[in-house]
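Please open the structure in a viewer and keep the sequence at hand. The tour below proceeds by selection, from the whole chain to single residues.

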Amino acid sequence: MSEKPAYNHQMLLAFSVVSNDRKGKDITPAMLRAALMQRIKDLDENNEWDEACGPPEDTYKVED
């Protein structure tokens, strides 16, 4: 009996970063990490994961 196929789903999650440069040229990896960690905390506290991510943007079958 064969196993069910597995699928890899691309999900999108928006978050914001505050910087001093209009085009965001001063955004550092540390700033990105801090903003993303805060977003995750907010999503957990408000149970908003489904709403924040929505459906997959792209999907492909995982090959053996």
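The following stops begin with the overall form and then turn to individual residues. Please keep in mind throughout that this is a predicted model.

**Stop 1: the whole chain**

Begin with the entire protein in a cartoon representation. Its secondary structure consists of 2 helices and 2 strands, and these follow one another along the sequence in the pattern β-α-α-β.

Next, display the C-alpha atoms alone and turn the model along its principal axes. These atoms fill a box of roughly 60 × 30 × 15 Å. The radius of gyration of the protein is 17 Å, whereas a compact globule of 64 residues would have one near 11 Å.

Now switch to a surface representation. The accessible surface amounts to about 5900 Å², and carbon and sulfur atoms contribute 51% of it. Of the 64 residues, 6% count as buried.

How are the contacts distributed along the sequence? Among those with a separation of 6 or more, 64% come from residues 24 or more positions apart.

**Stop 2: a nonpolar patch**

Select F15, I27 and L32, and show their side chains. Together they form a nonpolar patch on the surface, with about 220 Å² of accessible area. L32 belongs to helix α1, which covers residues 29–46. Is L32 buried, partly exposed or exposed? Its relative accessible area is 38%, so L32 is partly exposed; the partly exposed class lies between the limits of 20% and 50%.

**Stop 3: M37**

Remain in helix α1 and select M37, which also lies there. With a relative accessibility of 41%, M37 counts as partly exposed. Then add S19 to the selection and draw a distance between the two C-alpha atoms. M37 and S19 stand 18 residues apart along the chain, and their C-alpha atoms are separated by 16 Å.

**Stop 4: the salt bridge**

Select E45 and K41 and display their side chains. What joins the side chains of E45 and K41? They meet in a salt bridge, with a distance of 3.2 Å from N to O. A search of the whole structure finds 1 salt bridge. E45 and K41 both lie in helix α1 and are 4 residues apart, which is about one turn of the helix. Why does E45 count as exposed? E45 counts as exposed because its relative accessibility is 53%, and the exposed class is over 50%. K41, at 44% relative accessibility, counts as partly exposed.

**Stop 5: N47 in the loop**

Move along the chain to N47. This residue is found in the loop between α1 and α2, the latter comprising residues 49–53. Inspect the backbone here: phi of N47 is near 50 degrees, a positive value in a residue other than glycine. With 69% relative accessibility, N47 counts as exposed.

**Stop 6: E63 and A6**

For the final stop, select E63. Where does E63 lie? The residue is located in the segment after β2, a strand that covers residues 58–61. E63 counts as exposed, since its relative accessibility is 62%. Now add A6 and display the C-alpha distance. In sequence, E63 and A6 are 57 residues apart; in space, their C-alpha atoms are 8.0 Å apart. With this pair on display, the tour is complete.

Notes
Residues numbered from 1 in each chain as written. Predicted model: local features only at pLDDT ≥ 70, side-chain atom pairs only at ≥ 80, totals over all residues. Heavy atoms only, no water. Patch = residues over 30% accessible without salt bridge, like charges linked within 9 Å, V, L, I, M, F, W, Y side chains within 5 Å. Areas by Shrake-Rupley, 256 points an atom, 1.4 Å probe, with all protein chains shown as cover. Salt bridge = Lys/Arg side-chain N within 4 Å of Asp/Glu carboxyl O. Buried < 20%, exposed > 50% of the residue type's maximum accessible area, 1.4 Å probe, protein only. Rg over C-alpha atoms; globule rule 2.2 N^0.38 Å. Contact = heavy atoms within 4.5 Å.
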